[in-house]
Amino acid sequence: MLRYAPLSMLAAPSVGLLSNTTAAEGVPPSVARGARYVEGSNVLHLASGRWMYLPAARTASTVVALDHPPAWQQIVQSRAWLASGRIPGRSPAQRAAAERALLAMRALLRPNGAMAAGWSPGWKYSWPRDSSFAAAAFAHTGHDAEAYRILRYSAATQRKDGTWEARTKLDGSGSPDRRRWQLDANGWVPWATWQWYQKAPRTTRPARLTTLYPMIRKAADHAAGSLRTDGLPPASPDYWELMTATTNIGTAAPLLAGLNASADLAREANRPDDAARWARAARRLSSAISAQFVPLGYQRTVDGRHGRDSAVAFMAPPFNAAPAGLPAALDATYRALLLPNGGLTPGNDPTAPWGGNAWTPSTALFALAWATTGRPAKAGQVLEWVLSKRNSLGELPEKVDKEGRPAAVAPLAWTGSIAVLSLVALDGTALPTPPLRPA
């Protein structure tokens, strides 16, 4: 999740994670110095030669001798979890990055399905957006239980009107502050549910979809009802977590993905009336995006006053079938947002507080977009830049500073999820996209 609070206002961010799957503990930079993870685990091999790990059923770490039996058992269990799914990547380096990202996502996932964005103050909350990407990444790497657990948490924390808070406390007790809620969640959660459904075991997915369906119905009805007479949703804070005066592509594109996903899920659930209603809304929204965002090259806002936005990637698969004009818009936006350090700023709105740091989620989104639109070489170059910025423990950071060094919190669940999905696509596995049905 993109953060805009100055780090000086927060405690020192973590650079790694210890985990026993029920609890987690951040690794501070001082502990990480000279350390490395034992392969396939969240057990830390310290510079001293000893191991540091989080014992089962404990909330505080301990340092033990090399090959300590309980720590070794945790390593064995962690490796078995990885082996139960798929580790994408065409090279050993890519597979190592994917393995570390998956282990970080697993460590950030709570038993109740809450997905922490990161494990530092300011990030230790669950955002519907980050959680949805994680659910999709888990689903496409064979970790069905984790994906479904996230979706159940989304259902449990949905508000009565079908929307979600911008973020919730990890115990599910509600929002930690009074920041504005964000309408894009009504697109991301149904999209993630649809992605899970594509990969879920066919023998069990119908019954589990029935459990999730009330969430989908409330989310999609709210999304469809939010569309104005011009076919666009109202202005809402986007993934920048900043309000815009007019509709932004960071809200419109996810809602289109979510309405298409909801309509298809309704067909699977034998709810033809729901399917027809949400498909009509999706066509209205699609037409409105074509009429009002395409002439601007999918700039951030429909008034054309806020520049380019990395959210243009949300118009590409696996979110939406790439419409006409998207390849040129992706290229133009990438060029406009490219920083000297090789990464991207989220957007070039002069009023936004981004500074000179690159943001790994924004950069990785272009790798995913190009991987899914037939440009694997370009996708690979961008993804290699992202993966090259992993910190000394191999964790993906939220930011990269002007000098090209990892910055801010690590690991970040959103970046890890996007990287994993990109690697799946680059492996040659086509990521499915919710269909826009004709009238």
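**Exercise 1. Helix α11**

Which are the buried residues of α11? Work out how the helix sits among its neighbours, bearing in mind that this is a predicted model.

*Solution.*

Step 1. Get the extent: α11 covers residues 360-371. With 12 residues, α11 reaches 16 Å from its first C-alpha to its last, close to the 16 Å expected at 1.5 Å a residue.

Step 2. Go through the burial, with under 20% relative accessible area as the cut-off. The buried residues turn out to be Thr-360, Pro-361, Ser-362, Thr-363, Ala-364, Leu-365, Phe-366, Ala-367, Leu-368, Ala-369, Trp-370 and Ala-371. That's 12 of 12, so α11 counts as mostly covered.

Step 3. Ask what does the covering. The buried residues of α11 pack against the helices α4 (128-140), α10 (326-337), α12 (376-388) and α13 (413-426), and also against β7 and β8.

**Exercise 2. Thr-360**

Is Thr-360 buried or exposed, and which backbone oxygen does its side chain reach?

*Solution.*

Step 1. Check the accessibility. Thr-360 has a relative accessible area of 0%, which is under 20%, so this residue is buried.

Step 2. Look for a polar partner. The backbone oxygen of Pro-397 lies 2.6 Å from the side chain of Thr-360.

Step 3. Fill in the surroundings. If you set aside neighbours within four places in sequence, the contacts of Thr-360 are Val-386, Pro-397, Glu-398, Val-400 and Thr-415.

**Exercise 3. A three-stranded sheet**

In what order do the strands β7, β8 and β9 lie, and which of them stand at the edges?

*Solution.*

Step 1. Write down the order: it's β7-β8-β9, an open sheet with antiparallel pairing.

Step 2. Find the edges. β7 (358-359) and β9 (406-407) each have a single partner strand, so one side of each has no neighbour in the sheet.

Step 3. Zoom in on one pair. Two bridges link β7 to β8 (residues 399-400) in the antiparallel sense, and Trp-359 sits opposite Lys-399 in β8.

**Exercise 4. A hairpin**

How many bridges join β1 to β2, and which residue in the turn has a positive phi?

*Solution.*

Step 1. Count the bridges: β1 (residues 16-19) and β2 (residues 24-27) run antiparallel and are joined by four.

Step 2. Pick out a facing pair. Leu-18 is opposite Glu-25 in β2.

Step 3. Look at the turn. Four residues separate β1 and β2 in this hairpin, and Thr-21 in the turn has a positive phi of about 80°.

**Exercise 5. Trp-191**

Which residues does Trp-191 touch, not counting those up to four places away in sequence?

*Solution.*

Step 1. Place the residue: Trp-191 belongs to helix α6 (residues 185-199).

Step 2. Check burial. Trp-191 counts as buried, at 0% relative accessibility.

Step 3. List the contacts. They are Ser-132, Phe-133, Ala-136, Ala-257, Gly-258, Ala-261, Pro-318, Phe-319 and Pro-434.

Step 4. Compare sequence and space. Trp-191 and Ser-262 are 71 residues apart in sequence, yet their C-alpha atoms are 7.5 Å apart.

**Exercise 6. The whole chain**

How many helices and strands are there in the chain, and why can the chain be called as compact as a globular protein of its length?

*Solution.*

Step 1. Take stock: the chain has 13 helices and nine strands.

Step 2. Test the compactness. The radius of gyration is 21 Å and the globule rule gives 22 Å for 439 residues, so the chain is as compact as a globular protein of that length.

Step 3. Add burial and contacts. Of the 439 residues, 60% count as buried. Among contacts between residues at least 6 apart in sequence, 65% join residues at least 24 apart.

Definitions and conventions. Residues are numbered from 1 along each chain as its sequence is written. This is a predicted model: local features need pLDDT of at least 70, side-chain atom pairs count only at pLDDT 80 or more; totals for chains, interfaces and linings use all residues. Side-chain values use heavy atoms; hydrogens and water are left out. Buried means under 20% relative accessible area, exposed over 50%, partly exposed in between (1.4 Å probe, protein chains only). A polar contact is a pair of N or O atoms within 3.5 Å; within protein, one must be able to donate a hydrogen and the other to accept it, and residues adjacent in sequence count only if both atoms are side-chain atoms. Contact means heavy atoms within 4.5 Å. Two strands pair if DSSP finds at least two bridges between them. The radius of gyration is taken over C-alpha atoms; the globule rule is 2.2 Å times the number of residues to the power 0.38. The expected span of a helix is 1.5 Å times one less than its number of residues.
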